[in-house]
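Biologist: I'd like to learn how to read the empty spaces and the ligand site in a model like this. Can you walk me through it?

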Amino acid sequence: MQHFGWFLGAGFGVQGWGDPTYGIGYDWKKPTVYQEASREFERAGFDLFIIEDGVTVPDTYGGTAEVNLSTARFVPKHDPLPLVPYLLQATERLGIVPTLSASFYEPFTAARLLATLQHFADGRLGFNVVTSGSDIAAQNYGLDKQIEHDRRYDRAEEWVQVVRALWRSWDQDAVLEDIAGGVFADHTKVRTIDHKGEFFQVRGPLNTVPLPSEPVMVQAGASGRGQTFAGRNSDVVLALASTPERMRTYRDGIRQVAVEQGRDADDLKVLFVVQPIVTANAEEAASVREKRRTLTQASIDEALQSVSYLSGVDFKKFDLDAPLPEITTNSNQGTLDNFVKSAPAGSTVREILQARAEKDGLAIIGTAGEVAAHLGELGEAVGGDGFLFTGQVHPALVHRTLDPLVPELRRQGILRTELGDGGLRANLQDF
Ligand SMILES: Cc1cc2nc3c(=O)[nH]c(=O)nc-3n(C[C@H](O)[C@H](O)[C@H](O)COP(=O)(O)O)c2cc1C
């Protein structure tokens, strides 16, 4: 059995731009389309729905936002937090996971917001912690540039400690609601946290009531420091890896970090992002593959704006047909590394792009039966814990993917038939 979920890489942003069904019967700016998708995920037996976020109009690629704005890539997007109550209202058991930046939310603000939402959610809330690597994001929050990569993680680590300490600043039995005795809460069970750390100074206590359970922490650190942060603190790790061997190595590494921290490795679920592309038959699958393998100016721009945005390095400045020089970044190191290593050292940018196009990347292309069988085999080879489908949640894509695939995943015996009602953490611990 595997856990399944959906990672909305476009965030609360444009859904379906470029698809012939764009905008038909839905408006990406309003909650309804996400509510409908959530109901589909819950019906399917998925554990969670993760919503990406970012706070910039990316203009790294060629020093202009032209490609991003004209193709609606990574921008525009709404803030995912106000969407959460709508998604909770539309569903009963699905875990809802908005993204939140530890670099830009004060820990008290985050702890209070998430505590409030967790009360609405009855234990179904998670939060995807990111550190927002780009300088242009930092410049929206009073900084000239983003702080150094590993220090950003040190700071995020302290941020998580403070948030959790605030959640624990009320004992579970602090609220008496003793009407006869005239006592609402026992003041001896509510304490200041008096945190004075390297990055934060927070008095506490939190001014909400104890949480039904702590929100599930999700993280996607891929660099060495990122993996340590995730292994120490996360309940779920969002991971990108393109081969079963890399998936297994990554999962083993993260679990090892968790064990070194005295955690039970099975408390941490590593979920790999995949993109199922369900076709009617083998001919259609072959034609989808062929199309993806043919580099065009549009596909080159699409791939390079994406790696430019994620790494903070302008890939437009490199000659497509010259070997890619050695580059480093203060932003997403794992993403950059993954891109560069797609082809042998010394390859040109075009060769890297071609190698990536040949490999299908995160895509699993085939009939529903083939995709389900592939996921079953992949799950066996990796040894657990499950997968996150990625894609925009416009109705055509959700139905095109889930309607044929869910019955096949059930037939394979890898997708549960029912979610429990004990909240996201309990569902994740079912297996
Ligand atoms: C699947 C996945 C989803 C991510 N989602 C977000 C996101 O919503 N917002 C964001 O700012 N960063 C996001 N990131 C970036 C990560 O939070 C992290 O910064 C990145 O993996 C780089 O970490 P590293 O430097 O440790 O490799 C995501 C990364 C991955 C792999």
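Modeller: We'll take the ligand site, then a pocket, then a cavity, and keep in mind that this is a predicted model.

Biologist: Let's begin with the ligand. Which residues come nearest to the ligand?

Modeller: A residue joins the shell if one of its heavy atoms lies within 4 Å of the ligand. Here 20 residues are around the ligand, and Asp53, His149, Tyr153, Ser223 and Gly334 come nearest.

Biologist: What kinds of residues make up that shell around the ligand?

Modeller: Sort them by class and you get 10 polar, 8 nonpolar and 2 charged residues.

Biologist: And how do I spot polar contacts?

Modeller: Look for a pair of N or O atoms within 3.5 Å. Tyr153 has an N or O atom in its side chain 2.7 Å from an oxygen atom of the ligand. Thr99 also uses its side chain, with a polar atom 3.4 Å from a ligand oxygen. With Ala222 you should look at the backbone instead: a polar atom there is 3.1 Å from an oxygen atom of the ligand.

Biologist: How much of the ligand does the protein bury?

Modeller: Work out what the ligand exposes taken alone, then see what the protein covers. That starting area is 610 Å², and the protein buries 90% of it.

Biologist: Which parts of the fold supply the shell?

Modeller: Strand 4 (126-130), helix 6 (149-167) and helix 11 (333-340) each give at least two residues. On the domain level, domain 1 (3-168 + 197-275 + 363-428) and domain 2 (285-358) each contribute at least three.

Biologist: Now the empty spaces. How are those found?

Modeller: Rolling a probe the size of a water molecule over the atoms shows where empty space is left. Take the second largest pocket, with about 330 Å³ of space. It is lined by 17 residues, and Pro325, Glu326, Ile327, Asp337 and Val340 are the closest to its centre.

Biologist: Which element gives the largest share of that pocket's lining?

Modeller: Helix 11, with 4 residues. By class, the lining of this pocket has 9 nonpolar, 5 polar and 3 charged residues.

Biologist: What about cavities: how many of 30 Å³ or more does the structure hold?

Modeller: A cavity is space where the probe fits but cannot get out. The structure holds 1 cavity of 30 Å³ or more, and the largest cavity has a volume of about 50 Å³. Among the residues lining the largest cavity are Ala10, Val14, Phe74, Lys77 and Gln392. That lining divides into 6 nonpolar, 2 polar and 2 charged residues.

How values were computed:
Residues are numbered from 1 along each chain as its sequence is written. This is a predicted model: local features need pLDDT of at least 70, side-chain atom pairs count only at pLDDT 80 or more; totals for chains, interfaces and linings use all residues. Side-chain values use heavy atoms; hydrogens and water are left out. A polar contact is a pair of N or O atoms within 3.5 Å; within protein, one must be able to donate a hydrogen and the other to accept it, and residues adjacent in sequence count only if both atoms are side-chain atoms. Accessible areas come from the Shrake-Rupley method with a 1.4 Å probe; for residues, only the protein chains shown count as cover. Ala, Val, Leu, Ile, Met, Phe, Trp, Tyr, Cys and Pro count as nonpolar, Asp, Glu, Lys and Arg as charged, and the others, Gly among them, as polar. Domain bounds come from an automatic or database domain assignment. On a 1 Å grid over the protein atoms alone, a cavity is a set of points where a 1.4 Å probe fits but cannot get out, and a pocket is an open set with protein on both sides within 12 Å along at least five of seven lines; lining residues have an atom within 4 Å of a point. Grid points are joined across faces, edges and corners, and a volume is the space filled by probe spheres set on the points.
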